[in-house]
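Let's take a walk through this model together, starting with the sheet and ending with the cysteines.

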Amino acid sequence: MLAPPRKESITAVILAGGRGSRMGGVDKGLQLFHGVPLAQQALLRLLPQVGNVIINANRNIAEYESFGVPVWPDDNALGDFAGPLAGMTAALRHCTTPYLLTVPCDAPLFPLDLAARLANAFASADVDFAVASAPHSGLPGEPCRPQPVFSLMKAAMRESLLAYTQLGGRKVSAWMLQHRVVYVPFDQAGDAANAFFNANTLEELNTAQFLSK
């Protein structure tokens, strides 16, 4: 069995570069969750898990920089607000460690052991990606499904991603399926069913705050 990637070998990126269209065009990563901006909440959860954290954002750069970590916008080659793959492309370009962990800014309850469990999956399988699989909404009995924006990948995937996007690809899961992927279930005893609940609307953000009480 291979040794899992060490914490120090992982850079995490918080994907906060979207338009926030379903929130009325606001900058989603700066919306408050229990008084803390969503992106900063993600940062606080990631800092104990990885060696470095960066933020992908396209607006209000100075506000994101005030959180104390590097901030990088999307790569211009993919166009404005081109989705999570654009953020991943930028993050891989600036990643200085062998592995990159990706998380969206709008899921403030993601597990505190996310990086460790995805890293352990690399030790049990010869893969390029370890992807979380979990109930999406936290409803009782909901089956697991892949959560491709919660993934640990080899930093060497940058060239593959550039090739995929240059051909017009924009779907995260379709790109990953060109490679070796292991799915890591987060529905085990002790796992919170709502850990991967994401807030696409202000109403859903209020729901996330209720779920975390």
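**From the sheet to the pocket**

Strand β4 (residues 52–57) and β5 run parallel and are joined by two bridges, where strands are DSSP runs of E, at least two residues long, numbered from the N terminus, and two of them pair if DSSP finds at least two bridges between them. N56 has W72 in β5 as its bridge partner. Strands of a sheet pair through backbone hydrogen bonds, either parallel or antiparallel. Here, seven strands form an open sheet with mixed pairing, in the order β5-β4-β1-β6-β8-β7-β9. Its edge strands, pairing on one side only, are β5 (71–72) and β9 (181–185).

A word on the basis: this is a predicted model, in which local features need pLDDT of at least 70 and side-chain atom pairs pLDDT 80 or more, while totals for chains, interfaces and linings use all residues. Residues are numbered from 1 along each chain as its sequence is written, and side-chain values use heavy atoms, without hydrogens and water.

Now to the cysteines. The structure holds zero disulfides, a disulfide being a pair of cysteine sulfur atoms within 2.5 Å. Why does C105 form no bond? Its sulfur lies 19 Å from the closest cysteine sulfur, in C95, which is too far. C105 is also buried, at 4% relative accessible area, whereas C144 is partly exposed at 29%; buried means under 20%, exposed over 50% and partly exposed in between, with a 1.4 Å probe and protein chains only.

Methods
Helix = DSSP H or I, 4+ residues; strand = E, 2+ residues; numbered from the N terminus.
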